[in-house]
Amino acid sequence: MKKTLITIAFFVLAIVISAETLPSLILKMPRNVCPILSEYNCLEIVDNQSNNKPMKTKNLLKSTSEMTEMTADYAKLTTTESSEKVFKLLEQSSGSNIILVISTVCCNKVSDSVMEFYDTNWNQLKSTDFIDEPTSSEFREISIDKLTNKLSITTSNPLVLQHDGSDKPVEIVKKEVIWEWNGDKFVRTDS
């Protein structure tokens with residue numbers, strides 16, 4: 001009976017360790033996805049989370065990076081004072097998972113984001129397979145709702161200004177588009 005219980009315990013532990021969760025995938029993340037973090041930095045962040053410690057690490061630039069949130073399918077990493085990465089594990093209708101990585105840099109209160117898609121072995125996938133967003137020269141601020149998987153892309157172009165004729169400061173024109181994950185790709189909700 002003891003042998004059976006021990007065997008079952010090892011089997012369950014093996015399943016938990018091999019499960020595709022963001023913490024386990026971040027441990028396998030290659031340097032090109034987040035060049036500022038080493039393997040040790042990733043290990044320290046995940047280890048700190050499992051020990052209920054602040055998920056901070058001294059990155060390769062000798063500054064502090066902090067994972068401000070990490071769940072089984074969502075993580076938010078402040079890489080530097082002016083940049084962050086968001087990771088979202090998306091389940092496909094086929095039952096497999098892909099990883100969405102949103103990288104954002106902020107300069108003078110203007111943010112610009114890029115998004116990339118990876119399989120769970122960190123092979124980069126074509127973005128056009130998962131979103132039909134046209135290329136743009138505008139600044140884009142991209143965010144994803146961790147519960148609903150709704151993707152928000154707010155574009156702004158500091159060169160296209162609106163002015164109402166008053167003495168108020170000129171404002172940057174912004175436009176937001178919402179996309180929903182349908183199990184295979186993001187689709188616009190307003191089209």
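How exposed is lysine 150, and what is its relative accessible area? Lysine 150 is partly exposed, with a relative accessible area of 36%, and in this predicted model the residue forms a salt bridge with glutamate 180, the closest N and O atoms being 3.6 Å apart. Because lysine 150 sits in the loop between S8 and S9 while glutamate 180 belongs to strand S10 (residues 171-181), the pair ties together parts that are 30 residues apart in sequence. Glutamate 180 counts as partly exposed too, at 33% relative accessibility.

## The chain as a whole

The chain contains three helices and eleven strands, and read from the N terminus the elements run α-α-α-β-β-β-β-β-β-β-β-β-β-β. Of the 191 residues in the chain, 35% are buried. The accessible surface comes to about 12,000 Å², and 55% of that surface belongs to carbon and sulfur atoms. Among the contacts with a separation of 6 or more, 39% are accounted for by residues 24 or more positions apart.

## The seven-stranded sheet

Seven of the strands form an open sheet with antiparallel pairing, in the order S1-S2-S3-S4-S5-S6-S7. Strand S1 (56-58) and S7 stand at the edges and each has a single partner strand, so one side of each is left without a neighbour in the sheet. Strands of a sheet pair through backbone hydrogen bonds, in either the parallel or the antiparallel sense.

Within this sheet, strand S4 (residues 83-91) pairs with S5 in the antiparallel sense over nine bridges, and phenylalanine 87 has valine 101 in S5 as its bridge partner. Strand S5 (residues 97-107) in turn pairs with strand S6 (residues 110-119), again in the antiparallel sense, over ten bridges; here cysteine 106 has serine 111 in S6 as its bridge partner. The hairpin of S5 and S6 has two residues between the strands, and asparagine 108 takes a positive phi near 55° there.

At the S7 edge, two bridges join S6 to strand S7 (residues 124-125), and these strands run antiparallel. Tyrosine 118 stands opposite glutamine 124 in S7. The hairpin that S6 and S7 form has four residues between the strands, and tryptophan 122 in its turn has a positive phi of about 65°.

## Helices and the region around them

Helix H3 lies across S1, strand S2 (64-70) and strand S3 (74-80), and runs at about 155° to S1. In the loop between H2 and helix H3 (39-50) is proline 30, which counts as partly exposed at 26% relative accessibility. The C-alpha atoms of proline 30 and asparagine 121 are separated by 9.4 Å, although the two residues are 91 residues apart along the chain.

Leucine 27 is found in helix H2 (residues 22-27) and is partly exposed, at 38% relative accessibility. Together with Tyr40 and Leu43, Leu27 makes a nonpolar surface patch of about 310 Å².

## Salt bridges

A search of the whole structure finds five salt bridges, among them the three in the table below.

| Salt bridge | Closest N to O distance |
|---|---|
| Glutamate 69 and lysine 146 | 2.3 Å |
| Aspartate 73 and lysine 88 | 2.9 Å |
| Lysine 150 and glutamate 180 | 3.6 Å |

Glutamate 69 forms its salt bridge with lysine 146, and this pair links distant parts of the chain, 77 residues apart: glutamate 69 is in strand S2, whereas lysine 146 is in the loop between strand S8 (139-144) and strand S9 (151-162). Glutamate 69 counts as partly exposed at 24% relative accessibility, as does lysine 146 at 34%.

Which parts of the chain do aspartate 73 and lysine 88 tie together? Aspartate 73 lies in the loop between S2 and S3 and lysine 88 lies in strand S4, so their salt bridge ties together parts that are 15 residues apart in sequence. Is lysine 88 buried or exposed? Lysine 88 counts as buried because its relative accessibility is 1%, and buried means under 20%. Its partner aspartate 73, by contrast, is partly exposed, with a relative accessible area of 31%.

Note on methods: Residues numbered from 1 in each chain as written. Predicted model: local features only at pLDDT ≥ 70, side-chain atom pairs only at ≥ 80, totals over all residues. Heavy atoms only, no water. Pairing = 2+ DSSP bridges. Patch = residues over 30% accessible without salt bridge, like charges linked within 9 Å, V, L, I, M, F, W, Y side chains within 5 Å. Areas by Shrake-Rupley, 256 points an atom, 1.4 Å probe, with all protein chains shown as cover. Salt bridge = Lys/Arg side-chain N within 4 Å of Asp/Glu carboxyl O. Buried < 20%, exposed > 50% of the residue type's maximum accessible area, 1.4 Å probe, protein only. Contact = heavy atoms within 4.5 Å. Axes fitted to C-alpha atoms, helices over the stretch in contact; angles between N-to-C directions.
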